[in-house]
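Here are a few friendly comments on the aromatic side chains, for you to follow along with the model open.

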Amino acid sequence: HPSYYPRNSIQQLELPQRKAALIVPAFETLHYRLTFPKSKAELLSMLDMGSLYTFRYHVWPKGHAPTDYAKWRTATVPYRVAWQPDFEPYVVVRRDCPKYDQRFVGFGWNKVSHIMELDAQEYELLVLPNAFMIHMPHAPSFDISKFRLSAGYRGCLQTLREEFHQDLSRRYGAAALKYLTAERSL
């Protein structure tokens, strides 16, 4: 049964003994009503017909592009992807993984910073070949509205990002330089 799929993957991939984040590829629909696909084949058909899109394809492709949706289409086994700037996939991780950084509440950089920390701790980023989730449309959150409308909010977020980078440098030394370098080259 598909709902047991992530649990089976956790057992097969020996997640309890391994530092890995299992990526659940994310899609979205602009329709408020959707018959949820019962299989990957059905999802791919909906994607090809344009009733589904890869998540945030139109507004923030960097957030999920490293998932490599083209590879996912034909994948039958989990595959490893590399961290890239602004990567913010939905993941299944062990309970003892690094926690979300509580500085990033509201909108902005919560998932990005978490994946960065997992990568810094050398977690494998593994895309599940038969799992998927679908984001449904909803009204904008209060926090994203603040982000869009308030230069002060965006300024605070930038300060917190810089603090986070400094903390990574203290904890992981030279290995953390790649995150700052990647940010500055954007």
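The points below go through the ring pairs and their surroundings.

1. A reminder to begin with: this is a predicted model. In this model there are 8 aromatic pairs, and I have picked out two of them for a closer look.

2. Please start with phenylalanine 27 and tyrosine 69. Their rings meet edge-to-face, with 5.3 Å from centre to centre and 65 degrees between the planes. Phenylalanine 27 belongs to strand β2 (residues 26–28) and tyrosine 69 to helix α3 (residues 69–74), so this pair ties together parts that lie 42 residues apart in sequence. Are these two residues buried or exposed? Both phenylalanine 27 and tyrosine 69 are buried.

3. Next come phenylalanine 36 and phenylalanine 132, a stacked pair with centres 5.7 Å apart and 20 degrees between the planes. Here phenylalanine 36 sits in the loop between β2 and α2 (40–49), while phenylalanine 132 sits in the loop between β6 (124–127) and β7 (133–135), so the pair ties together parts 96 residues apart in sequence.

4. It is worth checking the accessibility of each partner in that pair. Phenylalanine 36 has a relative accessible area of 44% and is partly exposed. Phenylalanine 132, at 16% relative accessibility, counts as buried because the cut-off for buried is under 20%.

5. Finally, do have a look around tryptophan 72. Ring pairs join Trp72 with Phe27 and Tyr69 in a cluster. Which residue lies over the face of tryptophan 72? That is lysine 40, at 4.3 Å from the ring centre.

Key. Residues are numbered from 1 along each chain as its sequence is written. This is a predicted model: local features need pLDDT of at least 70, side-chain atom pairs count only at pLDDT 80 or more; totals for chains, interfaces and linings use all residues. Side-chain values use heavy atoms; hydrogens and water are left out. Rings of Phe, Tyr and Trp (its six-membered ring) pair if their centres lie within 6.5 Å; planes under 30 degrees apart count as stacked, over 60 as edge-to-face and the rest as tilted. Helices (H or I, at least four residues) and strands (E, at least two) are DSSP runs, numbered from the N terminus. Buried means under 20% relative accessible area, exposed over 50%, partly exposed in between (1.4 Å probe, protein chains only). A charge sits over a ring if NZ of Lys or CZ of Arg is within 6 Å of the ring centre and within 35 degrees of the ring normal.
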